[in-house]
Amino acid sequence: MSREPPPGRFFLRLVDWSADLKVSGSEHSSQIKAMANAADPAADQNPKDAGSRVPEPWAGADGEVAEEEDEYEDEEELDEPAAAALVREKVQSVFRRLSTDPVGIRVHDVIIRGNAKTRDELIEAEVADLLRSATTVQDLLSAAADASARLRGLDVFEAVNITLDAGPPELPGTTNVVIEVVEPAIPLSGNAGVYSKPEAKAWSVEGAVKWKNLAGYADIWDASVAYGFDQTTEVGVGVSLPRFKSIPTPLMARASLLSQDWMKFSSYKERLLGLSLGLLSTRHHDLSYNLTWRSLTDPSRLASTSIRRQLGHNLLSALKYTYKIDQRDSHIRPTKGYAFLSSSQVGGLWDNKGLKFFRQEFDVRAAVPFGFWNAALNVGAGAGVILPLARGFMNSSTPVTDRFNLGGHNSPVCSLGGISSLLGFRTRGVGPTEPRRLVPGESEDGSPAVPGRDYLGGDLAVSAFADLSFDLPLKVLRDAGIHGHAFLTAGNLAKLSEGQYKNFSLDEFRRSFRSTAGVGIILPTKLFRVEVNYCYILKQSQHDSGKTGIQFSFSSP
């Protein structure tokens with residue numbers, strides 16, 4: 001492959017016209033620009049010199065040799081409107097040929113420009129085979145659009161332009177593909193913000209810094225910090241490479257330190273020091289390995305018996321595989337399409353007591369348009385199960401941190417990751433509970449003290465939702481994307497480990513489903529979806545934490 005392009009300007013000639021075919025990555029679309037006067041490269045030079053040049057005979061993509069015609073000289077004598085009309089006619093002729101018959105072509109060379117830092121072999125490995133496999137102009141245009149999308153997907157270029165120019169005169173029916181990339185002047189980027197979590201009445205400060213293309217392999221190095229004033233603190237550093245040497249799959253490595261406070265819900269604090277390695281990542285498949293040092297503590301010393309049994313330090317080694325298809329037209333407001341996700345995880349690859357388990361999740365979504373008021377019905381269902389893998393596994397316990405939990409204020413429409421949230425219920429506000437340790441004494445009003453309860457999560461979880469979205473009548477709201485919705489959510493949890501599977505009844509599980517209905521207004525933004533909902537609790541159990549009323553929701557796709 002040539003690193004430097006040949007001098008002059010080249011054009012791909014079709015039948016008896018030439019065309020400059022361009023795919024513009026900066027505009028995120030494919031553009032085809034037919035240039036009627038491109039047969040004469042001197043047209044780009046000084047106009048005084050252009051008329052003195054006599055075009056040489058040339059070979060078309062079909063191998064025919066076109067005769068020189070006097071029309072090029074006649075065009076110079078036409079006035080501007082007539083010349084423009086002639087150009088349009090030639091452009092239409094090119095498009096008619098492309099739309100009716102396959103035009104044979106062969107890629108002679110791939111020329112790369114503008115990559116001062118990015119390595120040639122990376123760009124070639126991403127798109128060269130794709131471009132060279134095209135045998136017709138139509139296929140090449142499609143391949144060029146896909147190649148432009150691939151290069152933009154590396155997230156290290158500000159713009160990508162692919163131009164199809166004529167090949168050498170001695171090789172008729174060939175083209176040179178010129179790839180021009182624009183690298184950012186400053187590879188360092190960052191963001192910071194303060195975020196509110198209304199359900200937890202907490203605030204967090206988050207920031208991230210990225211350094212792109214440090215080694216020239218489209219590598220992205222990042223560091224992030226998140227500090228929650230009440231619940232979560234996280235520090236992480238990582239690197240990702242879309243392709244390295246002969247390895248065709250993206251590589252990822254990340255180290256993180258995460259501290260989470262679940263005292264309010266389950267009487268423990270969790271600290272994780274972990275290393276994550278991405279082993280396989282494609283459009284639909286993802287395989288990762290995680291090694292985590294986990295510490296659970298109870299500063300209050302009031303945790304329930306089930307929580308106290310799991311306090312301490314453990315080393316978790318887990319392999320996780322995810323299969324995902326998402327054909328919805330939007331993640332913020334889907335109006336048509338479908339999505340499916342399956343996630344399988346095996347924990348305890350090393351012999352660690354209490355951490356050997358298998359976890360499986362399924363999630364399926366569908367959106368159906370109604371054809372009026374931009375209305376659409378989104379439906380979804382999720383299910384998950386976690387089972388211990390130790391000897392006598394059905395009498396063993398599963399890790400409390402890996403069990404399923406229902407509740408929270410996230411929108412079930414946006415999230416695609418297994419068990420959805422249950423609007424109207426507090427985070428971890430549904431499912432099996434256990435009383436905390438009782439401290440002798442009296443409450444403030446003189447009555448006997450009543451211990452709180454720890455939410456333990458479930459080994460089996462099922463959830464479903466239906467959401468009808470529609471435009472509001474005011475035009476100013478429709479123009480801003482603000483719309484309304486009515487929803488129904490339902491879900492349930494059950495404990496199967498520690499011998500509880502003997503007490504499981506499918507009929508009782510079905511009858512004890514929690515459910516919520518409501519209406520709300522949605523304010524979509526580019527980064528997240530804001531909901532103001534009125535939630536009405538249709539059904540809840542004795543110790544559930546659900547409440548009818550106004551609820552705010554902030555969800556990321």
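**Entry 1: leucine 141**

I started with leucine 141, which I found in helix H5 (residues 137-153). This is a predicted model, so I keep an eye on confidence as I go. Is leucine 141 buried or exposed? It counts as buried, because its relative accessibility is 15% and the cut-off for buried is under 20%. I also looked up its distance to leucine 131: the two are ten residues apart in sequence, and their C-alpha atoms lie 9.1 Å apart in space.

**Entry 2: the chain as a whole**

Next I stepped back to the full chain. I counted nine helices and 24 strands. Of the 557 residues, 44% count as buried. I then checked contacts with a separation of 6 or more, and 59% of them are between residues 24 or more positions apart.

**Entry 3: how far to trust it**

The mean pLDDT of the chain is 79, with 78% of the residues at 70 or more. Which elements have the lowest and the highest mean pLDDT? Strand E3 (residues 29-34) has the lowest, at 35, and strand E20 (residues 460-471) has the highest, at 94. Over residues 1-73 the pLDDT stays under 50, although the model has 152 contacts beyond four places in sequence for that stretch. A reminder to myself: where pLDDT is low, the predicted coordinates should not be read in detail.

**Entry 4: arginine 328**

I found arginine 328 in the loop between strand E14 (312-326) and strand E15 (337-347). It counts as buried, because its relative accessibility is 9%. What does its side chain reach? One partner is the backbone oxygen of valine 413, at 3.3 Å. Another is the side chain of aspartate 326, joined to the side chain of arginine 328 by a polar contact of 3.0 Å.

Beyond its neighbours within four places in sequence, arginine 328 is in contact with several residues, including Pro334, Tyr338, Arg365, Cys414 and Leu416. I also looked at alanine 367, which is 39 residues away along the chain; its C-alpha atom is separated from that of arginine 328 by 7.3 Å.

**Entry 5: glutamate 361**

Glutamate 361 sits in strand E16 (residues 357-369). It is buried, because its relative accessible area is 9%. Its side chain makes a polar contact with the side chain of arginine 359, at 2.6 Å.

**Entry 6: two positive phi angles**

Most residues other than glycine have a negative phi, so I noted two residues that do not. Alanine 218 has a positive phi of about 60° although it is not a glycine. I located alanine 218 in the loop between strand E8 (202-212) and strand E9 (220-228), and it counts as buried because its relative accessible area is 1%.

Arginine 428 also has a positive phi, of about 55°, and is not a glycine either. Its place is in the loop between strand E17 (376-388) and strand E18 (433-435). With 8% relative accessibility, arginine 428 is buried too.

**Entry 7: the cavity**

Last, I looked for internal space. How many cavities of 30 Å³ or more does a search of the whole structure find? It finds one. The largest cavity has a volume of about 30 Å³. Its lining is made up of Arg333, Pro334, Asn378, Val413, Asp467, Ser469, His483, Ile522 and Arg529. By type, I noted three nonpolar, three polar and three charged residues in that lining. Two familiar names turn up here, Pro334 and Val413, which I had already listed as contacts of arginine 328 or as a partner of its side chain.

Methods
Residues are numbered from 1 along each chain as its sequence is written. This is a predicted model: local features need pLDDT of at least 70, side-chain atom pairs count only at pLDDT 80 or more; totals for chains, interfaces and linings use all residues. Side-chain values use heavy atoms; hydrogens and water are left out. On a 1 Å grid over the protein atoms alone, a cavity is a set of points where a 1.4 Å probe fits but cannot get out, and a pocket is an open set with protein on both sides within 12 Å along at least five of seven lines; lining residues have an atom within 4 Å of a point. Grid points are joined across faces, edges and corners, and a volume is the space filled by probe spheres set on the points. Ala, Val, Leu, Ile, Met, Phe, Trp, Tyr, Cys and Pro count as nonpolar, Asp, Glu, Lys and Arg as charged, and the others, Gly among them, as polar. pLDDT is the predictor's confidence in each residue, from 0 to 100. Helices (H or I, at least four residues) and strands (E, at least two) are DSSP runs, numbered from the N terminus. Contact means heavy atoms within 4.5 Å. Buried means under 20% relative accessible area, exposed over 50%, partly exposed in between (1.4 Å probe, protein chains only). A polar contact is a pair of N or O atoms within 3.5 Å; within protein, one must be able to donate a hydrogen and the other to accept it, and residues adjacent in sequence count only if both atoms are side-chain atoms.
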